[in-house]
Amino acid sequence: MSAPIVVAGAGIGGLTAALALARAGKRVLVLERASKIEEVGAGLQIAPNAGRVLAGLGLEGALASVALEPQAINIRRGRDGAVLARLGLSDSRARWGAPFRVFHRADLQQALLQAALANPAIEIRTGARVGDFDDRSGYVSLRVHGERGAQEIEAPGLVGADGQRSAVRGHLFRAERDAPYYSGLTAWRALVPADQAPAALRARESNLWMLPGAHVVHYPLRDGAIVNVVVIVAEEPRSEDGAAILSLSGSQLAHLLARKRPGSDLLALIEAGAAWRHWPLFARPPLSGWSRGSVTLLGDAAHPMPPFLAQGAAQAIEDAQALGRAFMQLGVATEAAFAAYERSRIARASRIVRASRRQGGYFHMGGPAAAARDLAIRTLGGRGMLARNAWLYR
């Protein structure tokens, strides 16, 4: 029996990659450094481009049971909540082959995990960290660190799906300039019980509020029982000794945003969050290639992107599909399959990274530039805004 391909990381990208590789006839060993597989964070948006991939892997029923399908996306002027455009989503399935969906991140990861555990071609080990590795002719030799010490493993290939601070990427590209760096933006995240949110903001819709130097995204989760809220600001509050503040109460975060003059409903929603978690947004320099021989990268390890197009997880899922497809087309030649996978994905993923960065500046405009932006959004309207982003979803 052939040795399995090793996937480092059991996040959304790594688990989807394991399922796609298994569908292509490969055995897979997923190594997760955490002792227990449980996702941190809160809400996650999955657009139709990724939804089609997950449905193609046989996950439609599992996803439908834990997802919520927003009826629309409202783009709002931050100072008063005026809806500049309402993007109706009811025809998404007919238009793009899958709906827009929102998940609690842990629910999506558990659906993927259960599918992987049920697949006899996939083995998952927790408490296992990939250390050094050596790419040799036709295989990779790697050291895996676990509770019982280090173990040497030989595999036909290694996929680094271990996130933005990827250890696999660190070993593959040993350049100091490739290290993650703070983007200058910080996200504050909270889950608000729906019955504590303003009544006007409880609909099954996603909302984007744009403010000078900040924006807020919120949408319901778990059948509307809770509201996931993310506040992204261009400044980071500090304590008196200069240390980063890691959590804020709702009233503290509302006070921080007050100078940006947000609307009353938005302030009330923020104040309803009991505890806001600090989440600094980091970036890494773009890579000209993700693969070397029998080693490749996937998802945030390959192309970390800011969340402003809600495509981070979606692009990892697209990567996974392309990786499986490359093996279907090329069989057992791991190096050739990894090279084909990279060629098929790098241009699109890089384009989305650049577009995501531009979108952040667009959201955070102030003064006359913001007024011109708002007028352009009103002029385009909901259908025009969806058409503007159709290249993402097709």
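**Close-up 1. Ile 75 and its partner across the strands.** In this predicted model, Ile 75 stands opposite Leu 208 in strand 13. The two strands here are strand 4 (residues 72-77) and strand 13 (residues 206-211), which pair in the parallel sense over five bridges. Ile 75 also turns up in a nonpolar core of 37 residues, where Val 102, Ile 226 and Leu 392 are among the other members.

**Close-up 2. The eight-stranded sheet and the helix that packs on it.** Stepping back from Ile 75, we come to an open sheet of eight strands with mixed pairing, in the order 5-4-13-14-15-12-17-16. Which strands stand at the edges? They are strand 5 (83-88) and strand 16 (247-248); each has a single partner strand, so one side of each is left without a neighbour in the sheet. Look next for helix 8 (residues 264-271), which packs on this sheet. Helix 8 touches strand 12, strand 13, strand 14 (214-221), strand 15 (226-233) and strand 17. The direction of helix 8 makes about 110 degrees with that of strand 13.

**Close-up 3. The five-stranded sheet.** Here is an open sheet of five strands, with parallel pairing and the order 7-2-1-11-18. Strand 7 (122-126) and strand 18 take the edge places, each with a single partner strand, so one side of each is left without a neighbour in the sheet. On average, neighbouring strands of this sheet are turned by 20 degrees against each other, direction ignored. To see one pairing in detail, find strand 11 (residues 158-160), which runs parallel to strand 18 and is joined to it by three bridges. Gly 160 has Leu 297 of strand 18 as its bridge partner.

**Close-up 4. Leu 158 in the largest nonpolar core.** In soluble globular proteins, nonpolar side chains tend to be buried together. The largest nonpolar core of this model has 70 residues, and among these Leu 142 and Leu 158 touch the most other members. Helix 9 (residues 312-330) gives the most to this core, with nine residues. What does Leu 158 touch, not counting residues up to four places away in sequence? Its contacts include Val 6, Ala 8, Val 130, Phe 133, Val 140 and Leu 142. Leu 158 also touches Val 168, Ser 294, Val 295, Thr 296 and Phe 338.

**Close-up 5. Arg 345 and Asp 319, a salt bridge between two helices.** Arg 345 forms a salt bridge with Asp 319, and their closest N and O atoms are 2.6 Å apart. Arg 345 lies in helix 10 (residues 334-363) and Asp 319 in helix 9, so the pair ties together parts that are 26 residues apart in sequence. Are these two charged partners buried or exposed? Arg 345 counts as buried because its relative accessibility is 4%, and Asp 319 counts as buried at 0%.

**Close-up 6. Arg 284 and Asp 178, a salt bridge between two loops.** The closest N and O atoms of Arg 284 and Asp 178 are 3.2 Å apart, and the two residues form a salt bridge. Arg 284 lies in the loop between strand 17 (276-283) and strand 18 (295-297), while Asp 178 lies in the loop between helix 6 (167-172) and strand 12 (181-193), so the pair ties together parts that are 106 residues apart in sequence. Both Arg 284 and Asp 178 are buried.

**Close-up 7. Asp 134 and Arg 136, a partly exposed pair.** The side chains of Asp 134 and Arg 136 meet in a salt bridge of 3.0 Å, N to O. Asp 134 counts as partly exposed, with 38% relative accessibility, and Arg 136 is also partly exposed at 38%. The count of salt bridges in the model comes to 18. Elsewhere, Glu 60, Glu 69, Arg 93 and Arg 101 are joined into one network by salt bridges that share partners.

**Close-up 8. Two loop residues with positive phi.** Most residues other than glycine have a negative phi. Arg 222, in the loop between strand 14 and strand 15, has a positive phi near 50 degrees. Arg 222 is partly exposed, at 40% relative accessibility. The second example is Ala 310, whose phi is positive at about 55 degrees although it is not a glycine. Ala 310 lies in the loop between strand 18 and helix 9 and is partly exposed, with a relative accessible area of 25%.

Note on methods. Residues numbered from 1 in each chain as written. Predicted model: local features only at pLDDT ≥ 70, side-chain atom pairs only at ≥ 80, totals over all residues. Heavy atoms only, no water. Core = buried A, V, L, I, M, F, W, Y, C linked by side-chain atoms within 4.5 Å. Buried < 20%, exposed > 50% of the residue type's maximum accessible area, 1.4 Å probe, protein only. Helix = DSSP H or I, 4+ residues; strand = E, 2+ residues; numbered from the N terminus. Contact = heavy atoms within 4.5 Å. Salt bridge = Lys/Arg side-chain N within 4 Å of Asp/Glu carboxyl O. Pairing = 2+ DSSP bridges. Axes fitted to C-alpha atoms, helices over the stretch in contact; angles between N-to-C directions.
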